[in-house]
Amino acid sequence: MPAMQGELTGELLRAVSRSFYLTISWLPREMRQGVGVAYLLARATDTVSDASGAPVAQRVQALRQMAAAVENPAGDAAAEAELAAALRGRLAPEHPREAELLARFHEALAALRALPPEQAEPVRAVLAVITQGQLWDLSFFEEHNCVLSDEQTREYTYRVAGCVGRFWTRLGLAAMGARFCDPAQAEAMEEAGVRYGCGLQLVNILRDVAEDAARGRSYLCSDPGVWHERAERYLRDGVDYSRRLRAFRLRFASMLPALLGLKTLAALRRARPGAARVKIPRRAVYASMLRAFVAAL
């Protein structure tokens with residue numbers, strides 16, 4: 001699978017996520033394929049979930065088909081051909097790289113099925129949770145414009161991001177064993193990874209409050225300041241998680257998103273109400289890379 005491997009760590013991955021491309025390119029070789037496959041599958045389902053030009057019912061159907069395809073190790077040629085037609089047709093986004101991602105969903109499935117079983121299992125598990133969160137998002141906001149409780153916010157952040165911290169730990173141990181982290185600390189590392197992932201999603205929620213409101217939805221029903229503090233605490237847990245990894249490349253790759261998230265939170269604090277969406281400039285990204293590099297030594 002050399003062509004797909006090149007795309008996972010090359011142009012396509014870089015095009016759909018600049019920051020994640022920086023992360024995966026620094027991962028140890030043993031983890032790159034599993035993490036890359038999981039990311040592209042999750043990004044594809046997210047693209048379908050966000051396809052605002054398509055009716056909700058069509059997006060829900062496609063997400064369920066994508067989840068079923070991921071879950072099935074053997075594949076179902078007829079069902080996947082029907083799904084491929086939908087992803088190239090009525091659900092195809094306008095952005096050319098995202099359209100390409102959906103058009104090549106079958107390649108990501110093939111890459112998943114080529115993974116060693118001990119790596120494919122955590123990929124399938126995390127995609128099942130992520131698609132559950134995306135399906136909840138679509139159905140819930142058909143009837144409501146705001147979450148009804150803090151518990152719903154916590155559950156949503158777990159389903160779409162916190163579960164990734166658990167996946168990252170399980171895949172790392174499956175691919176690298178004790179070279180990833182102390183196996184005796186696996187459970188504690190999983191829980192720290194969950195908090196880290198939830199923190200990253202809370203940054204997205206806090207940054208996108210105005211945009212989400214314009215779309216008729218809000219993921220917070222209580223004081224945003226409380227969630228801001230929680231996001232910062234969870235990201236600092238992410239920095240600690242990263243420091244407990246046993247390889248320099250792992251520590252660097254894992255720490256960088258936390259440092260970028262903390263910079264985003266700081267920028268949100270400084271932003272004036274009604275200001276443009278906060279975006280971290282390239283020079284700040286490079287500064288965070290340097291800081292992560294030094295901290296990972």
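A residue counts as buried when its relative accessible area is under 20%, as exposed when that area is over 50%, and as partly exposed in between. The exercises below apply this definition to a predicted model.

**Exercise 1. Determine whether Ala54 is buried or exposed, and describe its surroundings.**

Solution.
Step 1. Locate the residue: Ala54 lies in the loop that connects α4 (29–49) with α5 (56–71).
Step 2. Apply the cut-off: the relative accessible area of Ala54 is 5%, and the limit for buried residues is under 20%. Ala54 is therefore buried.
Step 3. List the contacts: when neighbours within four places in sequence are left aside, Ala54 is in contact with Arg59, Arg90 and Leu91.
Step 4. Consider one of these partners in space: Arg90 is 36 residues from Ala54 along the chain, and the C-alpha atoms of the two residues are separated by 6.9 Å.

**Exercise 2. State which side chain forms a polar contact with the side chain of Glu80, and classify Glu80 by its accessibility.**

Solution.
Step 1. Locate the residue: Glu80 belongs to helix α6, which covers residues 77–88.
Step 2. Apply the cut-off: Glu80 has a relative accessibility of 19%, and a residue is buried under 20%. Glu80 thus counts as buried.
Step 3. Identify the polar partner: the side chain of Arg113 makes this contact with the side chain of Glu80, at 2.7 Å.
Step 4. Complete the list of neighbours: apart from residues up to four places away in sequence, Glu80 touches Ala69, Gly75, Leu109 and Arg113.

**Exercise 3. Describe the environment of Ile205.**

Solution.
Step 1. Locate the residue: Ile205 is part of helix α11 (residues 186–207).
Step 2. Classify it: with a relative accessible area of 4%, Ile205 is buried.
Step 3. List the contacts: beyond the neighbours within four places in sequence, Ile205 meets Tyr156, Thr157, Tyr219 and Leu220.
Step 4. Add a distance: from C-alpha to C-alpha, Ile205 and Leu220 are 8.2 Å apart, with their positions 15 residues apart in sequence.

**Exercise 4. Classify Leu260 and Ala271 by accessibility.**

Solution.
Step 1. Locate both residues: Leu260 is in helix α14 (residues 248–270), while Ala271 is in the loop between α14 and α15 (282–296).
Step 2. Classify Leu260: its relative accessible area is 12%, so Leu260 is buried.
Step 3. Classify Ala271: its relative accessible area is 30%, so Ala271 is partly exposed.
Step 4. Add distances: the C-alpha atoms of Leu260 and Gly34 are separated by 23 Å, at 226 residues along the chain. For Ala271 and Leu220, 51 residues apart along the chain, the separation of the C-alpha atoms is 19 Å.

**Exercise 5. Characterise the protein chain as a whole.**

Solution.
Step 1. Count the elements: the chain contains 15 helices and zero strands.
Step 2. Assess compactness: the radius of gyration is 19 Å, close to the 19 Å that the globule rule gives for 297 residues, so the chain is as compact as a globular protein of that length.
Step 3. Give the extent: along the principal axes, the C-alpha atoms fill a box of roughly 50 × 45 × 35 Å.
Step 4. Consider burial and surface: 51% of the 297 residues count as buried. The accessible surface comes to about 13,900 Å², and 52% of this belongs to carbon and sulfur atoms.
Step 5. Examine the contacts: among those between residues at least 6 apart in sequence, 75% join residues at least 24 apart.
Step 6. Locate the charges: the mean positions of the 39 positive and 33 negative charges are 8 Å apart.

Notes: Residues are numbered from 1 along each chain as its sequence is written. This is a predicted model: local features need pLDDT of at least 70, side-chain atom pairs count only at pLDDT 80 or more; totals for chains, interfaces and linings use all residues. Side-chain values use heavy atoms; hydrogens and water are left out. Helices (H or I, at least four residues) and strands (E, at least two) are DSSP runs, numbered from the N terminus. The radius of gyration is taken over C-alpha atoms; the globule rule is 2.2 Å times the number of residues to the power 0.38. Buried means under 20% relative accessible area, exposed over 50%, partly exposed in between (1.4 Å probe, protein chains only). Contact means heavy atoms within 4.5 Å. Accessible areas come from the Shrake-Rupley method with a 1.4 Å probe; for residues, only the protein chains shown count as cover. Lys and Arg count as positive and Asp and Glu as negative; His and the chain ends are not counted. The place of a charge is taken as NZ of Lys, CZ of Arg, CG of Asp or CD of Glu. A polar contact is a pair of N or O atoms within 3.5 Å; within protein, one must be able to donate a hydrogen and the other to accept it, and residues adjacent in sequence count only if both atoms are side-chain atoms.
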